[in-house]
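Biologist: I would like to learn how to read a structure like this one, feature by feature, with the general idea before each case. Could we begin by looking at it together?

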Amino acid sequence: MSDAERRSWTWHFKSPPSAIWPLLADTARFNEAAGLPRHRITEIPQTDGSVAYFGDAKIGPFELRWRDRPVNWVTEQFFEHIRDFSSGPFSSIDAHLTLAPDPNGRGSIGTYTLKAAPRNMFGRLMLATRFFKASGETFERLVMEADRFAAGETPAIFTYASPVPDAETVAKVARLVAEIEATPNGHGLAQRLADRILTAQEVDLWHVRPLALARDWGVPERHAIELCLQAVKTGLLELRWDLLCPRCRVAKAWAGGLDRLPTGAHCSSCNIDYDRDFSRNVEASFRPSPAIRPLESGLYCMWGPMSVPHVKAQIHLEPGEVRDLAGTLPPGPYRLRSLEPGPASDIVFEDGGFPALVIGAETIEPGEIQPPSKLRFANLSTRPRVAIIESRHWVADCLTADRITALQTFRDLFSDDVLRPGDEVSVGRVALLFSDLKASTALYQQIGDAAAYHLVRDHFAFMADIIRQHDGAVVKTIGDAVMAAFARPADAMQAALEIQRRIAGGGSGGRDLVIKLGVHQGPSIAVTLNDRLDYFGSTVNMAARLQGQSQGGDIVVSAEMLADPGVAVALAGFVPRAEKAALKGFADELTFYRVTP
């Protein structure tokens with residue numbers, strides 16, 4: 001950039017860097033609001049295992065082609081993005097943002113520097129006339145809007161002119177909203193969802209995440225999930241299953257149904273192959289129906305820090321280079337790795353100084369502990385590398401397949417969305433509840449078949465209602481027994497307690513019933529049996545055997561259940577009694593715990 005020109009702009013924000021960073025580092029949102037065009041990215045693997053990223057777009061009369069350098073950033077500190085152009089008016093553009101606390105107040109100071117080198121006479125003319133002036137005016141508008149949003153003064157981050165729907169679409173959306181609210185799954189939220197679909201920025205619609213909606217709207221997560229599921233059935237949304245890369249956590253494969261879900265995928269960005277796991281990287285993703293709000297293909301920015309918010313620092317290093325940078329990371333589990341495929345090192349950072357990230361010829365390891373608020377990156381290898389510090393916490397607001405398929409509404413509305421015959425998917429953790437009516441045979445003989453039929457039917461409705469209210473789903477019924485699944489052990493425990501409380505209080509429908517319950521949690525295999533999603537494995541067997549140990553009116557739980565922190569909270573005030581027994585199908589005597597509500 002020897003003949004490059006630069007301009008800098010500095011702003012004072014009312015809010016601290018932690019509030020401003022997610023807004024300005026969301027470069028896809030920023031670029032869309034700025035009116036920049038979408039672009040296409042081509043990823044080309046290199047011989048050393050790295051990936052080269054090339055982009056192309058059209059702005060006015062100019063056909064632009066460029067190579068993206070990996071963005072450098074440290075969360076809440078700075079980011080730098082450089083593009084080297086092979087066509088268009090510029091040879092390179094370098095955008096650099098720094099954020100720091102305001103030493104004179106509670107807010108922060110941000111400085112944005114834009115550097116551009118002309119490629120031809122058009123570039124020199126643009127730099128001499130409108131380029132920096134127009135850029136500065138756009139930056140000023142968007143930055144001030146972000147500042148007002150962070151301070152809670154406006155409901156939207158940026159001013160955005162959404163496409164205006166025609167009268168037919170408006171009428172159709174109104175009809176769909178009414179249809180959704182006519183079901184138990186609308187929860188009075190359908191109009192808010194419709195308004196979002198019609199008016200939100202495109203970046204908010206590529207992945208409509210129910211858990212994010214629940215947080216933004218202050219409503220229960222289950223209500224937002226049920227709303228989106230019902231919106232799919234009515235035609236307002238589409239549901240697809242995304243297979244997320246475990247490194248960049250971007251969907252590199254997807255399917256419209258579980259029966260078409262691939263067993264794995266290749267991430268061209270990270271140049272790795274990866275498998276699927278219902279509990280980790282298969283996400284239920286929603287987007288507007290094309291008939292309501294079509295989304296055009298293309299990206300506004302691939303490499304912004306908020307495109308991969310789990311990556312807290314990403315720094316390019318030349319061979320032998322060591323960089324010391326300002327940066328503070330909160331305690332938690334982290335992974336030290338490189339952008340290129342290769343080894344990684346997992347650490348748990350507790351407090352104090354963060355260890356240096358040291359890249360060797362064949363290793364990536366933590367180095368010496370650095371002073372507080374400092375980060376060190378060292379490349380001891382013989383080729384350029386991009387060092388990465390990432391949080392090992394999974395994608396925020398990711399509605400994984402194990403959770404949504406354990407909801408009763410999903411099984412009611414999408415009973416035909418099952419795995420293809422013979423397919424099986426690992427589930428890292430599922431909580432299973434088995435129930436049975438005690439002395440049911442004698443009861444049926446006493447009251448007769450017709451009365452018994454109605455009794456069992458009412459019993460199933462009683463159980464299903466409690467299970468649904470606790471974010472679970474009835475997997476199947478066997479005789480008068482129920483098998484239910486929950487994504488979270490605490491939900492299964494709360495449901496079991498509620499069942500026994502209601503039974504003890506005469507809330508089961510009039511006749512005195514005694515229910516036996518067993519609850520266990522652990523890994524499992526999701527399969528399709530009898531045309532429905534089911535579970536298979538030792539976790540299923542254990543839960544069923546624990547129910548067999550129940551005497552009725554109690555809950556028999558495994559040690560694995562009691563070890564869950566959420567279950568411990570649910571059982572506050574109870575004294576689970578430890579017992580041992582030989583369970584069919586298990587070699588050794590096993591310890592379990594009896595809870596009597």
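Biologist: How do the residues that line the second largest pocket divide into nonpolar, polar and charged?

Modeller: Before the case itself, please keep in mind that this is a predicted model, in which local features need pLDDT of at least 70 and side-chain atom pairs count only at pLDDT 80 or more, while totals for chains, interfaces and linings use all residues. Residues are numbered from 1 along each chain as its sequence is written, and side-chain values use heavy atoms, with hydrogens and water left out. Ala, Val, Leu, Ile, Met, Phe, Trp, Tyr, Cys and Pro count as nonpolar, Asp, Glu, Lys and Arg as charged, and the others, Gly among them, as polar. On that basis the lining of the second largest pocket has 31 nonpolar, eight polar and one charged residues.

Biologist: What is meant by a pocket, and how much space lies in the second largest one?

Modeller: On a 1 Å grid over the protein atoms alone, a pocket is an open set of points with protein on both sides within 12 Å along at least five of seven lines, a cavity is a set where a 1.4 Å probe fits but cannot get out, and lining residues have an atom within 4 Å of a point. Grid points are joined across faces, edges and corners, and a volume is the space filled by probe spheres set on the points. The second largest pocket holds about 1000 Å³, and among its 40 lining residues, Asn 31, Leu 36, Arg 83, Ile 93 and Phe 131 are the closest to the centre.

Biologist: Which element supplies the largest share of that lining?

Modeller: Elements here are DSSP runs numbered from the N terminus, helices being H or I with at least four residues and strands being E with at least two. Helix 4 gives the largest share, six residues, and the elements that each supply at least two residues include helix 2 (27-33), strand 7 (90-101) and helix 4 (131-150).

Biologist: How many cavities of 30 Å³ or more does a search of the whole structure find?

Modeller: The search finds one, and the largest cavity encloses about 40 Å³. Its lining includes Phe 278, Asp 402 and Tyr 535, with strand 26 (residues 532-536) giving the most, three residues. By class, this lining has five nonpolar, one polar and two charged residues.

Biologist: At what angle do helix 5 and helix 6 pack?

Modeller: In general, two packed helices are described by the angle between their axes and the distance between the axes. Axes are lines fitted to C-alpha atoms, for helices over the stretch in contact, and angles run from 0 to 180 degrees between N-to-C directions. Helix 5 (residues 167-181) and helix 6 (residues 190-199) pack at about 145 degrees, with their axes 9 Å apart. The contact, meaning heavy atoms within 4.5 Å, involves Val 173, Val 177, Ile 180 and Glu 181 of helix 5, which meet Ala 190, Gln 191, Ala 194 and Leu 198 of helix 6. Six of these residues are nonpolar, one is polar and one is charged.

Biologist: In what order do the four strands of the mixed open sheet lie?

Modeller: Two strands pair if DSSP finds at least two bridges between them, and the order in this mixed sheet is 15-20-18-19. Strand 15 (322-326) and strand 19 (364-369) are the edges, each pairing on one side only, and the twist averages 25 degrees from one strand to the next. Strand 15 and strand 20 are antiparallel over five bridges, with Ala 326 partnered by Lys 374, whereas strand 18 (residues 355-359) and strand 20 (residues 374-379) run parallel, joined by three bridges.

Biologist: Which strands form the edges of the three-stranded sheet?

Modeller: In that antiparallel open sheet, ordered 10-9-13, the edges are strand 10 (251-255) and strand 13 (282-288). The twist averages 40 degrees from one strand to the next. Strand 9 (residues 237-244) is joined to strand 13 by seven bridges, one pair being Leu 243 and Val 282. Helix 8 (residues 221-234) lies across both of these strands, at about 120 degrees to strand 9.
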